[in-house]
Every structure is written in C-alpha cells, then in structure tokens.
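Welcome! Let us take a friendly walk through a protein model, one region at a time. Have a look at it first, and then read on.

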Amino acid sequence: MGNADYVYPSAAEGGESLHKAAIPPPQPFVKSLKNSLKETFFPDDPLRQFKNQPARRKIVLGLQYFFPVVEWGPRYNPGLLKSDLISGITIASLAIPQGISYAKLANLPPILGLYSSFIPPLIYAMMGSSKDLAVGTVAVASLLMGAMLGAEVNAAQNPTLYLHLAFTATFFAGVFQASLGLLRLGFIVDFLSHATIVGFMGGAATVVCLQQLKGILGLTHFTHATDLVSVLRSVFSQIHEWRWQSGVLGCGFLLFLLITKYFSKKKPKFFWISAMAPLTSVILGSLLVFLAHAEKHGVEVIGELKKGLNPVSITDLVLVSPYLSTAIKTGIITGVIALAEGIAVGRSFAMFKHYNIDGNKEMVAIGTMNMVGSCFSCYLTTGPFSRSAVNYNAGCKTAVSNVVMAIAVMLTLLFLTPLFYYTPIVVLSSIIISAMLGLIDYDAAIHLWKVDKFDFLVYIAAYAGVVFASVEIGLVIAVVISLLRLLLFVARPRTLVLGNLPNSTVYRNVEQYPNADNVPGILILEIDAPIYFANSSYLRERIIRWVDEEEDRIKASGESTLQYVVLDMSAVGNIDTSGISMFEEIKNILTRRGLKIVLANPGAEVMKKLDKGKFIESLGHEWIYLTVAEAVAACNYRLHSCKPNLVTDEKAEPWNNV
C-alpha cells in the first residue's frame, strides 16, 4: 500500500527545497487597515476611474456614477427611442391595473398605485444602472407593509394616520436602502440566501392568493390575519355571504389571464398578449359592470379615483412617537425585501444582455426614488419581476422605457381616472392571483431538494413560516436558519484526509478519489476554512480524532507506525489568536505522543500571524513547506534516513542525514 517506491524529487536530491514558505514583510498598521477596509467595502474599486484625471473630468465621472443618464443620454438616438416607446407603452398597460391592485393589497387607496408608477420611475431612469428594470409597486412588499402597519393602526378606522404611516415607512425604507449603497454595505442583503428569498416569496404569494378570496367571493368582512388557518376560517365561516356573481366573474377573468400567460410563455413573440391581458380585463370588467349594473347585485367596484397628479406629502410624514418606531421597523424590513428583489431582477436581465450593474449604485437609486416618492404620495416601489420581464421581452434598450411608462401613467392620472369607477374589485383580485402564481416556484424547490437538502429546509421553513404563522415570522425563521447555517460553516469546517494519486505528487481527498494511497507513517489532513475562535476547539478535537483513527487503522493493519501529521493549509485564509493557541496545543499533544506536526502552504496572512504569535519559532521554520508534496517528501526522506526517536526533537533538521 502507498507509493514507497516513488522517487520524491527533493529527497532524491538529498538537499533542501529550493523555496521556503515566506513570512510577508511587515506593513504599517494604517496601511494594513486601509487595505482591509478597501477589500471589505470597495472590492470593485469604484474610485479607480478617477485616478490621474483632471478636476473637470472627475466632476463628470462623479455625475456619471450617481446619474448614469449623464453617460448614456448624449448617445441616445431615435432608433433606441422606438424600442423604448413600445416597451414603455406595453409595461404601462400592465403597471396601471397592477398598481391599483397592489395598493388595495397594502390597504391603501387605489390611486396610490398610480402615483407610485409616476414619480419613482422618473427618478430611477436618471439614477438606475439597469436597462431592463421596470419600476413599480410589488405584491409581496405591499402585503408586508399592510400586515405590519395594520398590526398597529386599523386602516378602516383611521385611514389618514395609516396613509401617513405608509409614506413614513416608505421614506425610511428609502433612507435605509440608499445608506446601504452609499456606505458600501450591500453585502448585508446577501444574508438573504437564494433559498430564503424563493421560500419567502413563494409563501407570501400563497398568502396573497388566499387573501384575494375576499374579492373573488365578494365578502365584505374578512380577517386581517395572513396565516392559512385564519384565512380559511374567515372564508368558510361566511359561506352564506358568498356571492356567486362575483365568483363567476372572478374565475372567468382568472382563467382568461392564465390562458393568455400560458400562450405567451409558449409563444414568446406574443408576449404582448399576456402583458395587455390585465388592462383588457379591467376594461372588459368595467364595461360588463356598467352595462349590467352589476354593482347593484353584489359586485363591489373601485369607485371614484381622484383626478390629477401626485399631491405633495412631505408634511404628512409621521416623525413623532409612538408611531415613529413602527414606521422605521416597517420601512427597514420592507426595504430589504424590495431591495433584494429589485437587485436580483436587475442582475438577471443584465446577465441575459451581457452587461453589468453596480449593486451599490442600484441601492442608492432605489433608495432615492423611495425617499422622493414618499414626499409625493407614493409608497414602496422596486423592480418587480413580472413588469421587468415584459419590459425585457418588449425589446427595451434603455431606462427611457420607464419614462414612457411614467408619461402614460401621468396622462391616465390627468384624464382617464374617471373611467376606472366601475372597475370591479374581483377583477383586481384575479390580476393579483394571476401574478402571484408565478412566484410559487415549484421547479426551484425541486432543484434545491436535489442539490442541497439544507437549502431545501431553509426554503420549507420560510414558506411554512409565512403561510402558517405570518409574513414577518416566516422572514425571521428563514433568516435565522440561513445565519445558523453560516455559523455552522464557520464553527464546523471540514477536515479531509488526503492521499497520493498513483505515480504523481498530487494529493487529494481519499473519499473523492478512492484510488488515492495513504503514505506510510504520514497522516495528511486538509483544513478547509479559516481558523477562528469559533472553530478552533472543534478543529483541535477533530485533528486529534483523525490521529487516533489513523493509529487504530495502522495497528489493525500492521503497517508502519505513524510519525508525521501534515496539515494542508491551502484553504486557511486567515487565523486569529485562538487558532494560534490551538496549533500550540496540537503540537504539544502530538509531541507527547511521539509525532511531529508539519504545515504545508500557509498563506501570507496566516504566516504573518503565526510568526507574530511565535509559533513558527516554536515549531521551526524548517517544518513549514510550500506544498503538500514537498512536506511529504521531507517526511518520507527522514523516515528512510533518520533514527525514529529523533522525530520528537522539535528543532530537528528534516533534510540532514544521520
């Protein structure tokens, strides 16, 4: 067993390795801190473009950074306008009915959905870096805002205060979003893993669909709770109040919307059919109600929508107790959800078109449009997937499509709002259900199950938490499980036994490569993570256990006794003082057992700290090698050239013949 006859290059030469593991030269503390902060907050080095530029050019570059329109605007031409005009009109036809529907979902006046599709898209067109993101309100954030504010203030009993709190929450959401971008803290959003977002969105979509049973069945009294049990109890305790007219109308329009969506999915060139379907439903539903006087037979309608542009609402912000804390909490939580969705959608379509977007710039743009929007009667907006997908499929070229949409909404606010008087609520419910069904991603759940069972657990926890408890609890559960997994990765890193691939100096995991041979007298372990206080105790115990298991295996097989433990440090990017103490303990334990610890390929940061911690002096620099192959060669050479008892000499030279 093993490669006893293989000729190790360094050992064959009878001399030392040509290169030693180097200790990096010391750096001033200020320079080291500066480099660490730069890597943490500026990994993309956004200031690189300003280097060696004249003052005027720096001003222009600064404007282009915060206002990308300054960069692409001068190059805009009529050819691009044609594509953006078509895209803008198409997404406007979707934005108008969706905006009205989602505002109702947040327990806000329907007109706010139109207001929120006018001002924010104009801001984003100037500051956003995505060519495809179509700005507007989203169902999940609307539901979350309605649930969190509704827990403090009843929208029906105190509509004015509720409305003002919605503006205030939107303002703080914008402040939080923009701050993350300006302070380069966008990585915080990354703590919402893909499984967390998919599960949360799927659960929220399910809850939204259940909430729409109120509109579909024509119920006037309905629970404010969002959990499955409460909703079903509310539905089935009022069977005598179900209105068949509303149910037939709702199911009919829902079927129409689903058929058009299915057709457009099968025939992508007819994307405009599903995009126009919601507005078509609104028009047909309004005509049907008007002609049949259905509002007199139990079909609830929107009623009068205020005509005119967004009124100023900056003076309506609630900045006093006891509601300020509620607004801040709601703003931060809904802001994170909206931000995660907007950036994920923007990156997805940027990938399709082979360009990049800056996540921190997107945070500033989305945050700014929410801050400005809150001062003009808008509530939380971001880049919804459904609207952005229509924008992409319609062939948009730049963010001007958002401007076109905003102009279309403006004309609607100025001249067309009276036409929505007879729009049935049940049609809006059908539009919401149709949009939400696409957020329940069964394929993603199956993929998570196949690839990573723990991610699937996170998905199920998020989904079940939202559906059976509440939107907030579901989000908290998902985030806690994601953070727990992160902590497990840190606190329980993998350690692997490496073996030598036949006729090579390559060493790999023996479980992954069953043909890899153990090297007689040498145990080779790979530590697969940085070493910190959180995992140092575990690593000490795990390494000693590997040694015990190897000695038991050797004893059972009658092979040569274990003499060396080689630790492959290639994946150890950093180490703290607890890690250094752990190495000292392992060295002492192994020394008492007649074994020698050998390090292979420690990185610069690790070498620097081991040197400052005096561990290299204690171990001996001669026991640290650039590669596992060199370390094994040195140990193997010593096994065949030196007296066994000298292995306990901590400062023994591995290459000296005895």
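## Starting at helix 25

In helix 25, which covers residues 604-612, Val606, Met607, Lys608 and Leu610 are buried. Keep in mind as you look that this is a predicted model.

What do the buried residues of helix 25 pack against? Their partners are helix 2, helix 24 (577-592), strand 5 (596-600), helix 26 (615-619) and strand 6 (624-625). Just after helix 25 you will find Lys614, which takes a positive phi of about 70°.

## The whole chain

Now step back and view the protein chain as a whole. It has 27 helices and six strands. Along the principal axes, the C-alpha atoms of the chain fill a box of roughly 105 × 65 × 55 Å.

How much of the protein chain is made up of buried residues? Of its 658 residues, 52% are buried. The chain exposes about 30400 Å², and carbon and sulfur atoms supply 63% of that area.

Contacts tell us about the fold too. Take the contacts between residues at least 6 apart in sequence: 79% of them join residues at least 24 apart.

## Charges and a positive patch

The protein chain carries 53 positive and 48 negative charges, and the mean positions of these two sets are 9 Å apart. On the surface, Lys31, Lys34, Lys38, Arg48 and Lys51 form a positive patch.

Let us pick one member of this patch. Lys31 lies in helix 2, which spans residues 29-41. Is Lys31 buried or partly exposed? Its relative accessible area is 45%, so Lys31 is partly exposed. Helix 2 has already appeared in our tour, as one of the elements that the buried residues of helix 25 pack against.

## Salt bridges

The structure holds eleven salt bridges. One of them joins the side chains of Asp455 and Arg485, with a distance of 2.8 Å from N to O. Asp455 is in helix 21 (residues 453-468) and Arg485 is in helix 22 (residues 471-491), so this pair ties together parts that are 30 residues apart in sequence. Arg485 is buried, with a relative accessible area of 16%. There is a network here as well: salt bridges link Asp452, Asp455 and Arg485.

Another salt bridge is formed by Arg494 and Asp528, whose closest N and O atoms are 3.5 Å apart. This pair links distant parts of the chain, 34 residues apart: Arg494 sits in the loop between helix 22 and strand 1 (495-500), while Asp528 sits in the loop between strand 3 (522-527) and helix 23 (536-557). With 31% relative accessibility, Asp528 counts as partly exposed.

## A pair within one helix

Where do Arg545 and Glu549 lie? Both are in helix 23, four residues apart, which is about one turn of the helix. An α-helix has 3.6 residues a turn, so residues three or four places apart point the same way. Arg545 and Glu549 form a salt bridge, and their closest N and O atoms are 3.1 Å apart.

Both partners are partly exposed: Arg545 has 45% relative accessibility, and Glu549 has a relative accessible area of 34%.

## A nonpolar surface patch

Which residues make the nonpolar surface patch of about 800 Å²? They are Phe187, Ile188, Phe191, Leu483, Leu486, Phe489, Val490, Tyr532 and Phe533. Phe489, one of these residues, lies in helix 22. You met helix 22 earlier as the home of Arg485.

## Two more residues to find

Look next for Thr326, which has its place in helix 15 (residues 324-352). Its relative accessibility is 7%, so Thr326 counts as buried. Leaving aside neighbours within four places in sequence, Thr326 is in contact with Met148, Leu149 and Glu152.

Finally, find Ile283 in helix 14, which runs over residues 271-292. At 45% relative accessibility, Ile283 counts as partly exposed. Ile283 and Pro97 are 186 residues apart along the chain, and their C-alpha atoms are separated by 9.9 Å.

How values were computed: Residues numbered from 1 in each chain as written. Predicted model: local features only at pLDDT ≥ 70, side-chain atom pairs only at ≥ 80, totals over all residues. Heavy atoms only, no water. Patch = residues over 30% accessible without salt bridge, like charges linked within 9 Å, V, L, I, M, F, W, Y side chains within 5 Å. Areas by Shrake-Rupley, 256 points an atom, 1.4 Å probe, with all protein chains shown as cover. Salt bridge = Lys/Arg side-chain N within 4 Å of Asp/Glu carboxyl O. Lys, Arg positive; Asp, Glu negative; His and termini not counted. Charge placed at Lys NZ, Arg CZ, Asp CG, Glu CD. Helix = DSSP H or I, 4+ residues; strand = E, 2+ residues; numbered from the N terminus. Buried < 20%, exposed > 50% of the residue type's maximum accessible area, 1.4 Å probe, protein only. Contact = heavy atoms within 4.5 Å.
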